Amino acid sequence: IAVVTITSCRETWDEHYGMNGKKSDLNLLEYIESQPDLSKFSEMLKISGYDTIIDKSQTYTVWAPVNSSLADLDLNDPIAITNIVKNHISRFSNPTSGIDSKIISMVSKKHLTFRKADAGFTFGGKTLVEANTATVNGILHKVDGYVTYTNNIWEFIGNTPGLDSLRNYLYSQS
């Protein structure tokens with residue numbers, strides 16, 4: 001028992017699960033707000049209303065785009081902002097440990113790929129610049145870009161002008 005106890009008390013748990021000592025006593029929202037390079041994403045969370053969602057005790061993983069990748073984004077379009085934010089939040093914990101390639105279901109109901117790449121990890125084709133920051137209610141990864149929201153066929157028909165008769169017919173069947 002002594003041998004098992006001594007060998008199990010090493011820091012290998014965090015190494016195995018990829019946390020690498022980056023732990024915060026803040027929740028996801030508080031941590032994001034405390035990071036100067038995530039100030040635009042923090043603003044996007046407020047615009048979309050997801051600041052009140054990731055402030056809860058449920059477990060989430062957030063892939064937060066850094067400010068430099070959001071420079072060309074128009075913050076005056078709340079629908080587009082909300083769609084982008086929903087594309088960067090998933091329920092449950094998704095650290096990089098054990099990841100080769102995994103499909104992640106986002107709160108946008110889209111499925112994005114989280115995979116190991118040559119020089120690190122990618123999420124939806126964007127490179128992680130900082131990974132596995134553990135917070136009280138989840139994990140934060142910083143990414144070098146944002147994943148654009150792509151309409152599925154149902155959303156495309158519902159949002160495209162000029163498809164009124166098709167939309168009305170399909171909606172009447174639903």
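This text goes through the sheet, one helix, the nonpolar cores and three backbone angles of a predicted model.

The sheet comes first. It is open and is formed by 7 strands in the order 2-1-7-6-5-4-3, with mixed pairing. Strand 2 and strand 3 are its edge strands, each pairing on one side only. From one strand to the next the twist averages 30°. Strands of a sheet pair through backbone hydrogen bonds, either parallel or antiparallel.

Strand 7, residues 138-143, sits between strand 1 and strand 6 in that order. Strand 1 and strand 7 run parallel and are joined by 6 bridges, and Y60 stands opposite G138 of strand 7. Strand 6 pairs with strand 7 in the antiparallel sense over 5 bridges. Here T135 stands opposite G138. Strand 6 and strand 7 form a hairpin, with 2 residues between them. On burial, 6 of the 6 residues of strand 7 are buried, so the strand is largely enclosed by the rest of the structure. Both of its faces are covered: G138, L140 and K142 are buried on one side, and I139, H141 and V143 are buried on the other.

Strand 6, residues 126-135, also pairs with strand 5, residues 120-123, in the antiparallel sense over 2 bridges. In this pairing T127 of strand 6 is the bridge partner of T122.

Next comes helix 4, residues 39-48. Its buried residues are F41, S42, M44, L45 and S48. Viewed down the axis of helix 4, these residues fall within an arc of 155°, so they line one face of the helix. An α-helix has 3.6 residues a turn, so residues three or four places apart point the same way. The cover over the buried residues of helix 4 includes helix 3 (28-34), strand 1 (60-65), helix 5 (78-86) and strand 2 (89-91). After helix 4 comes G49, with a positive phi near 85°.

The nonpolar cores take up some of these residues again. The largest nonpolar core has 23 residues, and F41, M44, L45, I54 and V62 are those with the most contacts inside it. At least two residues of this core are supplied by each of helix 3, helix 4, strand 1 and helix 5. Helix 3 gives the largest share, 4 residues. Another core, of 12 residues, lies apart from it; M106, L112, L128 and V143 are among its members. V143 is also one of the buried residues of strand 7. As for M44 of helix 4, this residue touches L70, L73, L75, I81, I84 and V85, leaving aside residues up to four places away in sequence.

The last topic is backbone geometry in two loops. Most residues other than glycine have a negative phi, and most peptide bonds are trans. F92 is not a glycine, yet its phi is positive, near 75°. F92 lies in the loop between strand 2 and strand 3 (101-105), and is exposed, with a relative accessible area of 62%. K109, also not a glycine, has a positive phi of about 70°. Its place is in the loop between strand 3 and strand 4 (111-117). K109 is exposed too, with a relative accessible area of 72%.

Methods. Residues are numbered from 1 along each chain as its sequence is written. This is a predicted model: local features need pLDDT of at least 70, side-chain atom pairs count only at pLDDT 80 or more; totals for chains, interfaces and linings use all residues. Side-chain values use heavy atoms; hydrogens and water are left out. Buried means under 20% relative accessible area, exposed over 50%, partly exposed in between (1.4 Å probe, protein chains only). The arc is that of the directions from the helix axis to the C-beta atoms. Contact means heavy atoms within 4.5 Å. Two strands pair if DSSP finds at least two bridges between them. Axes are lines fitted to C-alpha atoms, for helices over the stretch in contact, and angles run from 0 to 180 degrees between N-to-C directions. A nonpolar core is a set of buried Ala, Val, Leu, Ile, Met, Phe, Trp, Tyr and Cys residues joined through side-chain atoms within 4.5 Å.
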